[in-house]
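Okay, thanks everyone for squeezing in. Let me put the model up, and then I'll talk through the packing, the sheets and the empty spaces.

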Amino acid sequence: MTDNKTNVETGPSVIAIVKEDDKLKGVEIRSGNGTFDLLWTRSSEDADWARFAAECGISVSPGGRPDDEGGKMVVVGFSSAGAIFHRVMVPAVGQKEIASIVQLQAETRLPLPADQIELAWRADPERDGQIGVTMAVARKEYLRKFTASVQTVKPARILLDCEGIVQAWRTVFGGTERKAVVLSMAKCSTHVCLVEDGRLSNAVVLDAGVKDLAADGGIEQTEAMEMFTQDMRGVLELFGCAKQADLPVFVLSDGSAGHVSIVSALRLVQVNARVALPHVHKSESEGGIGAEGLYDYRAPIGLALLALEQDGEALNIFERLYSLEGKEQKKSWLYSPKAAAAAACLMLVLLAIVSFAVDVASPDAIEKRLKASISDVDMDQLLEKNRLMQAVARQRPDMLELLKVVNESGGRGITLSNILFKKGQPVSVTGQANSNDDLSRFEKSLQENKSIGEVNPPTATTDSKTRKITFTITFHYKNFTKKTTKARS
């Protein structure tokens, strides 16, 4: 384990731990006026979270809690390689409407059932009648395994490491551009983060890193570099930035020659890449950790600074799966000893009244009431009612099937915002298309589906600024949406 202690003054601080290249890295940060105090840095080849947390001074005893007497908070980073990010544009609507659109988009784009995934999303401020939404989705089982591995650390929050990288770029590397792409390269992987207005907008993790790309020549290194540059162009296209030749792409660096060669290779394929070096003066750590140290601990430093902001804007994909042990929870009134005693007394009184009523009632009277209640029920009517309910259920439309049909017809260029269904009326689908070609493909795909008929030409309007096409298209779904006429006797 390596240990670099610096300033040890007391005060509110954050301990952040991340796992990178099978190594645990931890820092303790205290924020200042435009700077931050880096109190210490530690790393360990031992990937055991509990042992490393103990070495960082975090209580890991059963029932124990992180030391918060000095205002410390503990956060850990979750690898963004375990999450999928999506970016969608939705009309300017309320939060509830955005939530339903986001859920619809997540179900459209992922092959897993909704009960097997966790979803977190964040909406941008409205711009030109549109709202950009960043979604992070991960398999619930994978998140639970990670939660179990860090439960002895008892972190106050579990954050996505790519959000820490964006924060580090802004604070440690001096990033100020409104829109940029940030590359954070580990040994065997690369985080590619799209940043808009200082926040993570989209992210992809590539399975190539410095070890693969910064080798000393050779055919393998050349092939790996060519593949990496192709992947980067694909990522920029995924981000919707392929035609933005002036978009800056920052490669976070400690000044090594390997990063410079990677920047040069990206420039050869017309990517506006440049090196981003740490601003050492931003850190007030005694002894000076230097550019190499700030670069090496960029992810935990960024996560710690993000936690210090406490603005609640981080994508909290663990919100429903994890809460810090030891927090006081509201107890039901039944847990109050006085309330429980009062309830017990009331139950005894009710029991006494009911017992008295049963005792005074004659056996003949009870038998008479039972026979009367049975005679009131017509078993034939009951069976007929049950058969009728089953028939009605068979005639109900399968909304999940309808949703699947529409989603599969959409494709990448279509963003659905609403589906209206009412029996006896055509289904109405509202959404946005990137181009007229995307809308035409959507219409044609609906026409080719056997469950759908009488697809009406869409009504569409084009936004003069964004060039996005808002459309509404209607069609009939099986026999549920056509009006039926009763035969006259």
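So, start with helices H4 (161-171) and H9 (298-309): their axes come within 7 Å of each other and cross at roughly 90 degrees. That makes H4 roughly perpendicular to H9, a label that covers 65 to 115 degrees, with under 35 being roughly parallel, over 145 roughly antiparallel and the rest oblique. The axes here are lines fitted to C-alpha atoms, for helices over the stretch in contact, and angles run from 0 to 180 degrees between N-to-C directions. Helices are DSSP runs of H or I with at least four residues, strands are E runs of at least two, and both are numbered from the N terminus.

Quick housekeeping before I go on: this is a predicted model, so local features need pLDDT of at least 70 and side-chain atom pairs count only at pLDDT 80 or more, while totals for chains, interfaces and linings use all residues. Residues are numbered from 1 along each chain as its sequence is written, and side-chain values use heavy atoms, with hydrogens and water left out.

Back to the helix pair. Who touches whom? On the H4 side you have Asp161, Glu163, Gly164, Gln167, Ala168, Arg170 and Thr171, and they meet Arg298, Ala299, Gly302, Leu303, Leu305, Leu306 and Glu309 in H9. Contact means heavy atoms within 4.5 Å. By class, that contact has five nonpolar, four polar and five charged residues. For the classes, Ala, Val, Leu, Ile, Met, Phe, Trp, Tyr, Cys and Pro are nonpolar, Asp, Glu, Lys and Arg are charged, and the others, Gly among them, are polar.

Both of those helices also turn up in a pocket. H4 and H9 each supply at least two residues to the lining of the second largest pocket, and so do E2, E5, H3 and E10. That pocket has a volume of about 420 Å³. Of its 23 lining residues, the closest to its centre are Lys19, Glu20, Asp21, Ser79 and Asp161. You'll remember Asp161 from the contact with H9. The lining splits into 11 nonpolar, six polar and six charged residues.

You'll want the recipe. On a 1 Å grid over the protein atoms alone, a pocket is an open set of points with protein on both sides within 12 Å along at least five of seven lines, a cavity is a set where a 1.4 Å probe fits but cannot get out, and lining residues have an atom within 4 Å of a point. Points are joined across faces, edges and corners, and the volume is the space filled by probe spheres set on them.

Now the largest pocket, at about 1600 Å³. It's lined by 45 residues, with Arg87, Met89, Phe239, Gly240 and Lys468 nearest its centre. Strand E6 gives the largest share of that lining, five residues. By class we have 12 nonpolar, 18 polar and 15 charged.

E6 takes us to a sheet. It's an open one with three strands, in the order E6-E8-E7, and the pairing is antiparallel; two strands pair if DSSP finds at least two bridges between them. E6 and E7 are the edge strands, each pairing on one side only. E7 and E8 are joined by seven bridges, and one partnership there is glutamate 118 with alanine 138 in E8. Tryptophan 121 stands opposite methionine 135. In the hairpin of E7 and E8, with six residues between the strands, aspartate 128 takes a positive phi near 55 degrees. Helix H2 lies across E6, E7 and E8, at about 135 degrees to E7.

The other sheet is open too, with five strands in the order E12-E11-E10-E13-E14 and mixed pairing. E12 and E14 are at the edges with a single partner strand each, so one side of each has no neighbour in the sheet. E11 and E12 pair antiparallel over seven bridges.

Last item: how many cavities of 30 Å³ or more does the structure hold? One. The largest cavity has a volume of about 30 Å³, and its lining is Arg87, Asp124, Thr134, Glu196, Arg199, Leu200 and Ser201. E12 gives the most to that lining, three residues. And Arg87 is also on the list of residues nearest the centre of the largest pocket.
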